[in-house]
Amino acid sequence: MSILVTGGAGYIGSHTLIELINQGYKNIISVDNYSNSDESTYARVKEITGVSVKKYAIDLTDKKSCTRLFEEEKIESIIHFAAFKSVPESVENPLAYYHNNLGSLVNILDCCREYSCNQLIFSSSCSVYGNSKELPVTEETVLSKPESPYAQTKFFGEQILMDAVKAYSNLRVIILRYFNPVGAHKTGLNGEPASETPNNLVPYITQTAAGLKEQLQIFGGNYNTKDGTCIRDYIHVSDIADAHILALSYLSKMDKQIDILNLGTGNGVSVLEVVKSFEKVNNLSLNYAIVDRRDGDVEAVYANNSKAIKLLGWYPKYGLEEMMKSAWKWQLHLAENN
Ligand code: UD1
């Protein structure tokens, strides 16, 4: 019986492959359509772990390919990462987000039902909390309006799963609400796949420091926060990956069909604090300017993570400085290898 990792060539997917292998999991299958990643990720996973992961190039929005995969492999559990993940891109191209993020989920659930695969971990996001008045947010916090189509796809994804477990009594689901995953593997050999125009803050910072971008634009300096810039809960990608391994064992002993867990550090950090931390730990000075707000951004969100700590026995190991150090190490690795 195998574990299927969708989006395994992506940022969180590849770090999770590494941790699964390190924890002794065998029979891991990775699926990716390389829309926001590259097949070379698997070589990096092999360099770090010594293991070649079995891989398929499949677009999960294509039902026929999805079915063929379940036909060929005996899949016991799924960690479903594959999705588009840019807030601004989703504002510009909402239909692509609905089609990709929800279409793939529905196809996977259909195949789960047809092929008796009953365990699923779903990548959700803190964006489902919207602009919450209650901070830090717990899993019980009433969800405010999603601020972007990306956030909507995560909200709808959660709803689809809640309906699915009601209809299919064998299905067990864990929804993990990630806060802001950043950083890279401690070796510096794996990190966020390079993109020409990164949408997320930390890749933009590292590319600016590397001279690939002229200036970091900080979106909004007049929010009602400690220094006027947005507050997020940045969490090391390897801590997020670890939580998936623990969630897999929690899935098999869970006494309910569905559960939701926040994966954050609990620390609310401003954009300017991220920039300062990056400059300090890497002894660099960054060219940045504060510009207008970006559509779709929430002002502040950070996690109450006590439920994940209690139920999974998980605890985030890395602090902001390690996130910033490893992100820069990865950027330097990319520069050396291009
Ligand atoms: C959002 C989701 C997060 C998800 C991520 C995936 C929310 C609250 N969070 O993160 O759960 O994992 O998408 O991509 O919706 N910024 C700049 N300049 C830049 C880029 C970003 O100032 O060039 C600022 C943003 O305005 C924001 C912060 O940095 O305040 C973080 O932005 P980003 O890294 O894009 O992630 P979110 O949109 O917060």
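1. Cavities. This is a predicted model. A search of the whole structure turns up 1 cavity of 30 Å³ or more. The space in the largest cavity comes to about 30 Å³.

2. Cavity lining. His80, Ala82, Ala83, Asn101, Phe122, Thr153 and Lys154 line the largest cavity. By class, that lining holds 3 nonpolar, 3 polar and 1 charged residues. Phe122 is one of the lining residues, as is Lys154.

3. Second largest pocket. The volume of the second largest pocket is about 270 Å³. The lining has 16 residues. Closest to the centre of this pocket are Asp38, Ser40, Arg44, Ala194 and Leu334.

4. What builds that pocket. Two helices, helix 2 (41-49) and helix 11 (320-336), each give at least two residues to the lining of the second largest pocket. Helix 11 has the largest share, with 3 residues. The lining divides into 5 nonpolar, 9 polar and 2 charged residues.

5. Ligand shell. The ligand has 26 residues around it. Those that come nearest are Lys85, Ser125, Gln217, Arg232 and Asp297. By class, the shell around the ligand has 16 nonpolar, 6 polar and 4 charged residues.

6. Polar contacts to the ligand. Asp297 and Gln217 are both among the residues that come nearest. A polar side-chain atom of aspartate 297 is 2.5 Å from an oxygen atom of the ligand. For glutamine 217 the backbone is involved: one of its polar backbone atoms lies 2.7 Å from a nitrogen atom of the ligand. Asparagine 199 also has a polar backbone atom to note, 3.4 Å from an oxygen atom of the ligand.

7. Ligand burial. The ligand, taken alone, exposes 740 Å². The protein buries 95% of that area.

8. Elements around the ligand. Strand 7 (180-182), helix 7 (201-209) and strand 8 (216-219) are the elements that give two or more residues to the shell around the ligand. Which element gives the most to this shell? Strand 8 does, with 4 residues.

9. Overall fold. The protein chain has 11 helices and 13 strands. Its radius of gyration is 19 Å, close to the 20 Å that the globule rule gives for 338 residues, so the chain is as compact as a globular protein of that length. Along the principal axes, the C-alpha atoms fill a box of roughly 55 × 45 × 40 Å.

10. Cis peptide. Leucine 135 and proline 136 are joined by a cis peptide bond, with omega about -5°. Where is proline 136 placed? Proline 136 sits in the loop between strand 5 (119-125) and helix 6 (149-167). A check of the backbone should cover this bond between leucine 135 and proline 136.

11. Positive phi. Asparagine 27 is not a glycine, yet its phi is positive, about 50°. Asparagine 27 belongs to the loop between helix 1 (11-22) and strand 2 (28-32).

12. In brief. The ligand is covered by the protein over 95% of the 740 Å² that it exposes alone. Its shell counts 16 nonpolar residues, with strand 8 giving the most. The second largest pocket, of about 270 Å³, has a lining with 9 polar residues. Two backbone details remain: the cis bond before proline 136 and the positive phi of asparagine 27.

Conventions:
Residues numbered from 1 in each chain as written. Predicted model: local features only at pLDDT ≥ 70, side-chain atom pairs only at ≥ 80, totals over all residues. Heavy atoms only, no water. Near = heavy atom within 4 Å. Polar contact = N/O pair within 3.5 Å; in protein donor to acceptor, adjacent residues only side chain to side chain. Areas by Shrake-Rupley, 256 points an atom, 1.4 Å probe, with all protein chains shown as cover. Nonpolar A, V, L, I, M, F, W, Y, C, P; charged D, E, K, R; others polar. 1 Å grid on protein atoms, 1.4 Å probe; cavity = no way out; pocket = protein on both sides within 12 Å on 5 of 7 lines; lining within 4 Å. Points joined across faces, edges and corners; volume = space filled by probe spheres on them. Rg over C-alpha atoms; globule rule 2.2 N^0.38 Å.
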